[in-house]
Amino acid sequence: MEIWINPDCSKCRSALELLDTENAEYTIRRYLDDPPNELELREVLTRLRLEPWDITRFGETTAADLGIAGWPRDAANRNRWIKALASHPMLIQRPIITAGDGAAVVGRTAEAVRSVLSRSS
């Protein structure tokens with residue numbers, strides 16, 4: 001199992017605490033230090049069954065600077081969104097957890113973290 005975290009993120013810390021409580025084996029990826037490339041983002045989005053705008057943090061200063069809230073959310077602009085997330089990883093929702101079987105969740109709730117834990121058992 002791999003978890004993408006930002007150490008300053010309270011949701012990331014909560015997810016890690018739950019994983020530790022459950023004695024889960026996982027690898028931490030500090031995604032701001034080791035950002036995902038476009039291919040990794042595409043793969044994660046496929047596993048999450050989400051679009052890039054679904055995992056975008058619109059409250060970030062960079063999002064406002066890019067004017068991302070006004071970008072079209074359609075197939076024609078999908079690559080633009082993915083490029084923005086790869087170039088500015090702070091825009092990515094966190095934590096993203098990928099189980100050994102490829103299942104992935106945005107682990108912002110205990111239920112989401114537990115759902116990926118149950119797939120890793």
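**A walk from Ile97 outwards**

At 0% relative accessibility, Ile97 counts as buried, so let's start there and work outwards. Keep in mind that this is a predicted model. Ile97 sits in strand E3. Setting aside its neighbours within four places in sequence, Ile97 is in contact with a long list of residues, including Met1, Glu2 and Ile3, as well as Ala15, Ala103, Val105 and Val116. Its C-alpha atom is separated by 10 Å from that of Ser115, a residue 18 places away along the chain.

From Ile97, step back to the sheet. Four strands make up an open sheet with mixed pairing, and the order across it is E2-E1-E3-E4. Strand E2 (27-30) and strand E4 (104-106) stand at the edges with a single partner strand each, so one side of each has no neighbour in the sheet. Going from one strand to the next, the twist averages 20°. As a general reminder, strands of a sheet pair through backbone hydrogen bonds, in either a parallel or an antiparallel fashion. Here, E1 (residues 2-5) and E2 run parallel and are joined by four bridges. If you want a residue pair to look at, take Ile3, whose bridge partner in E2 is Ile28.

Now for the helices that pack on this sheet. Helix H1 (residues 10-21) touches E1, E2 and strand E3 (96-98), and its direction makes about 155° with that of E1. Helix H2 (residues 38-48) also packs on the sheet, touching E1, E2, E3 and E4, and its direction makes about 90° with that of E4. Helix H4 (residues 78-87) has its own set of buried residues: Trp81, Ile82, Ala84, Leu85 and Ala86. What covers them includes H2 and helix H3 (61-66).

That brings us to the nonpolar interior. In soluble globular proteins, nonpolar side chains tend to be buried together. In this model the largest nonpolar core has 20 residues, and those with the most contacts inside it are Leu41, Ile55, Ile68, Ile92 and Ile96. H2 and H4 each supply at least two residues of this core, and H4 gives the most, with five residues. Leu41 is a good place to see how things come together: beyond its neighbours within four places in sequence, Leu41 is in contact with Trp4, Pro36, Ile82, Leu85, Ala86 and Ile92. Ile82, Leu85 and Ala86 are among the buried residues of H4 listed above. Apart from this core lies another one, of 18 residues, among them Cys12, Ala24, Ala103 and Ala112.

Next, the charged side chains. The count comes to seven salt bridges. One of the residues to look at is Arg29, which is found in strand E2. At 9% relative accessibility, Arg29 counts as buried, because the cut-off for that is under 20%. What does this buried arginine side chain have around it? Asp34 forms a salt bridge with Arg29, the closest N and O atoms being 3.4 Å apart. Unlike its buried partner, Asp34 counts as partly exposed, at 44% relative accessibility. The backbone oxygen of Pro35 lies 3.1 Å from a polar atom of the Arg29 side chain. Leaving out neighbours within four places in sequence, the contacts of Arg29 are Glu2, Ile3, Trp4, Ile5, Asp34, Pro35, Pro36 and Glu40.

Other salt bridges are worth a look too. In helix H2, the side chains of Arg42 and Glu38 meet in one, at 3.6 Å from N to O. Why can these two reach each other along the helix? Arg42 and Glu38 are four residues apart in H2, so about one helical turn separates them. An α-helix has 3.6 residues a turn, so residues three or four places apart point the same way. Arg42 is partly exposed, with a relative accessible area of 26%, and Glu38 is partly exposed as well, also with 26%. Elsewhere, Glu60 forms a salt bridge with Arg57, with the closest N and O atoms 2.2 Å apart. Finally, salt bridges that share partners join Arg29, Asp34 and Glu40 into one network, which takes us back to strand E2, where Arg29 is found.

Conventions: Residues numbered from 1 in each chain as written. Predicted model: local features only at pLDDT ≥ 70, side-chain atom pairs only at ≥ 80, totals over all residues. Heavy atoms only, no water. Pairing = 2+ DSSP bridges. Axes fitted to C-alpha atoms, helices over the stretch in contact; angles between N-to-C directions. Contact = heavy atoms within 4.5 Å. Buried < 20%, exposed > 50% of the residue type's maximum accessible area, 1.4 Å probe, protein only. Salt bridge = Lys/Arg side-chain N within 4 Å of Asp/Glu carboxyl O. Core = buried A, V, L, I, M, F, W, Y, C linked by side-chain atoms within 4.5 Å. Polar contact = N/O pair within 3.5 Å; in protein donor to acceptor, adjacent residues only side chain to side chain.
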